[in-house]
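User: I would like to go through the reasoning behind the structural terms used for this model, one term at a time.

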Amino acid sequence: MSQNSKISIHELTKVFYKKQNSVTALENITIDIEEGEFVCLVGPSGCGKTTLLRILAGLENQSSGNFKIERSNEDRPNQSMVFQERGILPWLTVEENVAFGLKMRHLPKWHVKERTNYFLNKVGLAKFAKMYPKELSGGMKQRVSIARAFANDPEILLMDEPFGALDEQNRYILQEELLSIWSETKKTVLFITHSIDEALYLSDRVLLMSAQPGKIIDEVKIDLPRPRKLEDMRSNQEMASKFLDIWRHLQVEVQGSRL
Ligand SMILES: Nc1ncnc2c1ncn2[C@@H]1O[C@H](COP(=O)(O)OP(=O)(O)OP(=O)(O)O)[C@@H](O)[C@H]1O
């Protein structure tokens, strides 16, 4: 475990048992993520990415191994999770959704109001504060999820394909907004994506997983300076070669899992 680790995962394995069958979803996962690092997890479908996030979020137990999330403040929640969909509560308004976690912690009203307004402004939803989720587009709903996750001020953020259902334009706008909030808050983020472009654009480091049983088989460091621009990334030879490396890796793993 490195000294600055915010998340340390050590030889973690998860086996699901179903009647006579068992599925080893994760095998011997060891990862160290530093405080303030943005790490993307990329791997073929079914390799255990969501399972790993669910374990870190305490929604699932590992079969063996362990993990630790370093705490800096006892009053903070350990983590906030952002999903592709189903992240927000349909019976609450936009501002009530963003304030939800803060209210559950019984924080002073003025503090809840201030933080909620701050993050609503950050994601450009201040005008829509009184609306209900059914009145929002997909991109706006994801903005609500992101605002809520950051407003909660968790120790770490776990993001499971949060932009997977968005069109390319919206996806890029939300990626930019996410990076802008992240660069202010310097949260430690573990982010799942199927998009190599997204992983290269967002992260400090990309972890590559094998097909089932999911193992970490390689890592790619992304040292492109920040703030980043998509155009810079596309015109950068080194990024193009990293794209191809990850692409080949995924091809091999996907083909391997079909044999
Ligand atoms: N609750 C469960 N019970 C049994 N098997 C499960 C359960 N949850 C996940 N699995 C199995 O564990 C494996 C990993 O699933 P997981 O959803 O973590 O993969 P993933 O990499 O997130 O996939 P995708 O990229 O398609 O979302 C799969 O074979 C899945 O069927």
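User: To begin with a single residue, what is the bridge partner of Thr-13 in β4?

Analyst: In this predicted model, Thr-13 has Ser-64 of β4 as its bridge partner.

User: How do you know that β1 and β4 pair, and in which sense?

Analyst: Two strands pair if there are at least two bridges between them; β1 and β4 are joined over five bridges, in the antiparallel sense, and therefore they count as a pair.

User: What is the order of the strands in the open sheet, and why is one side of β2 and of β4 left without a neighbour?

Analyst: The open sheet is formed by three strands in the order β2-β1-β4, with antiparallel pairing. Because β2 and β4 (64–69) stand at the edges and each has a single partner strand, one side of each lacks a neighbour in the sheet. From one strand to the next, the twist averages 20 degrees.

User: What makes α1 a helix that packs on the sheet?

Analyst: Contact requires C-beta atoms, placed from the backbone, within 7 Å, and α1 touches β1, β2 and β4; the direction of α1 makes about 65 degrees with that of β2.

User: Which residues come nearest to the ligand, and which element gives the largest share of the shell around the ligand?

Analyst: Of the 13 residues around the ligand, those that come nearest are Phe-16, Ala-25, Ser-45, Thr-50 and Thr-51. Two or more residues of the shell are given by each of β1 (5–18), β2 (21–34) and α1 (49–56), and the largest share, three residues, comes from α1. By class, the shell holds seven polar, four nonpolar and two charged residues.

Key:
Residues numbered from 1 in each chain as written. Predicted model: local features only at pLDDT ≥ 70, side-chain atom pairs only at ≥ 80, totals over all residues. Near = placed C-beta within 6 Å. Helix = DSSP H or I, 4+ residues; strand = E, 2+ residues; numbered from the N terminus. Nonpolar A, V, L, I, M, F, W, Y, C, P; charged D, E, K, R; others polar. Axes fitted to C-alpha atoms, helices over the stretch in contact; angles between N-to-C directions. Contact = placed C-beta atoms within 7 Å.
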